[in-house]
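Here is a short report on one protein chain. Please read it with the structure open.

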Amino acid sequence: MAEKDSTGYTPEKPANGTFKMPIGLLQAHVAVRQLERYMALVTLYMERFLDDTSLDTAPPIGKLIKNYDEKKRRNLLRRELCKLSDAVNKSAKRAGVQVRYRRGEGEKEVGINIFLDFFNVPESERHIQYNTTRTTVYRAIGVYQRERLKGLWNIINPVYWLSVILNVPVHILSRAGIDVETSRTYKMHYWILQSLMAILLIFLIYKIGVPTNFLTMVQSAL
């Protein structure tokens, strides 16, 4: 059984904190912006449940929601959180951060996704929920910020561009609506496509030619 998380909820399984595939500089930047906006919205939503000392500082709500109307504050916050929940859930999972927890005890213990089940948690647990959400979001942001720094180096790193080319099958299958990480059948298709991509790349290098120092760099990285 997983140990109790410092936030109060029990993680369903340990997270590895690593990316399952290469991620670009722009993708990391977008993920950080989405996660930061989501956390700011959560903080504003929680103001009616928690005291100010328990909450982070959030920007003015008018900067987070276009055409903001104070009379519709709660509904607008709920709407924006729902719109972002799927995106931030995928970003956190992609970063290898824990998103599923167990809440309750004994026979009443149930599994929840900290993003997708945000509005399914009892009001009596808002403090624990806020801390869990904050911890999860900040962990994901930290991973993406590190990846963003790597991205700056990757712009001039030929080995990175080699990995991007070899991972073209991932983008092809994902565009077709296929989750290669959860389907064994499509994992096989992915490896077939990746093998074909590698053969094509080797053929192009053979035909076009490549500097000796580049080959040495690739060999040292493998």
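## Arg73 and its partner

At 22% relative accessibility, Arg73 counts as partly exposed. The cut-off explains the label: buried means under 20%, so Arg73 falls in the class between buried and exposed. The model is predicted.

Which residue does Arg73 pair with? The side chain of Arg73 meets that of Glu47 in a salt bridge, 2.9 Å from N to O. Glu47 sits in the loop between helix H1 (25-46) and helix H2 (61-64), and Arg73 belongs to helix H3 (residues 73-94), so the salt bridge ties together parts that are 26 residues apart in sequence. Glu47 is also partly exposed, at a relative accessible area of 38%.

## Arg134 and Asp56

The loop between H1 and H2 takes part in another pairing. Arg134 and Asp56 form a salt bridge through their side chains, with 2.9 Å from N to O. This pair links distant parts of the chain: Arg134 is in helix H4 (residues 126-154), Asp56 is in the loop between H1 and H2, and 78 residues separate them. Asp56 is partly exposed, with 25% relative accessibility.

## A salt-bridge network

How many salt bridges are there? The count comes to 7. Side chains of opposite charge can pair when their charged atoms come close.

One of these pairs joins Arg79 to Glu80. Their closest N and O atoms are 2.7 Å apart. The two partners fall into separate classes of accessibility: Arg79 is partly exposed at 40%, whereas Glu80 is buried at 5%. Both residues belong to a network of salt bridges that also takes in Arg37 and Lys83.

## Overall layout

The protein chain holds 8 helices and 3 strands. From the N terminus, the order of elements is β-α-α-α-β-β-α-α-α-α-α. A strand therefore comes before H1. The chain has 222 residues, of which 39% count as buried.

## How H1 packs with H3 and H4

H1 can be followed against two other helices. Take H4 to begin with. The axes of H1 and H4 come within 9 Å and cross at roughly 160°. Angles over 145 degrees count as roughly antiparallel, so H1 and H4 earn that description. The crossing of H1 past H4 is left-handed.

Now take H3. Its axis and that of H1 come within 9 Å, with a crossing angle of roughly 140°. Are H1 and H3 oblique or roughly antiparallel? The angle is not over 145 degrees, so the two helices are oblique to each other. The crossing of H1 and H3 is left-handed.

## Along helix H4

H4 carries residues with opposite accessibility. Thr136 lies in H4 and is buried, with a relative accessible area of 1%. The C-alpha atom of Thr136 is 9.9 Å from that of Asn89, although the two residues are 47 apart along the chain.

Leu152 is also found in H4, but it counts as exposed at 51% relative accessibility. The cut-off for exposed is over 50%, so Leu152 passes it. Which residues share a nonpolar surface patch with Leu152? They are Leu149, Trp153, Ile155 and Ile156. The patch covers about 580 Å².

## Two exposed loop residues

Thr57 is placed in the loop between H1 and H2. Is Thr57 buried or exposed? Thr57 counts as exposed, at 82% relative accessibility. Its C-alpha atom is 9.0 Å from that of Leu44, and the two residues are 13 apart along the chain.

Asn67 lies in the loop between H2 and H3. Asn67 is exposed too, with 77% relative accessibility. Its backbone deserves a look. Phi of Asn67 is near 55°, a positive value in a residue other than glycine. Most residues other than glycine have a negative phi.

## Summary of the contacts

The loop between H1 and H2 supplies Glu47 for the salt bridge with Arg73 of H3. The loop also supplies Asp56 for the salt bridge with Arg134 of H4. H1 itself crosses H4 at roughly 160° and H3 at roughly 140°.

Terms used
Residues numbered from 1 in each chain as written. Predicted model: local features only at pLDDT ≥ 70, side-chain atom pairs only at ≥ 80, totals over all residues. Heavy atoms only, no water. Salt bridge = Lys/Arg side-chain N within 4 Å of Asp/Glu carboxyl O. Helix = DSSP H or I, 4+ residues; strand = E, 2+ residues; numbered from the N terminus. Buried < 20%, exposed > 50% of the residue type's maximum accessible area, 1.4 Å probe, protein only. Patch = residues over 30% accessible without salt bridge, like charges linked within 9 Å, V, L, I, M, F, W, Y side chains within 5 Å. Areas by Shrake-Rupley, 256 points an atom, 1.4 Å probe, with all protein chains shown as cover. Axes fitted to C-alpha atoms, helices over the stretch in contact; angles between N-to-C directions. Parallel < 35°, antiparallel > 145°, perpendicular 65-115°, else oblique. Left-handed = near helix turned anticlockwise from the far one by under 90°.
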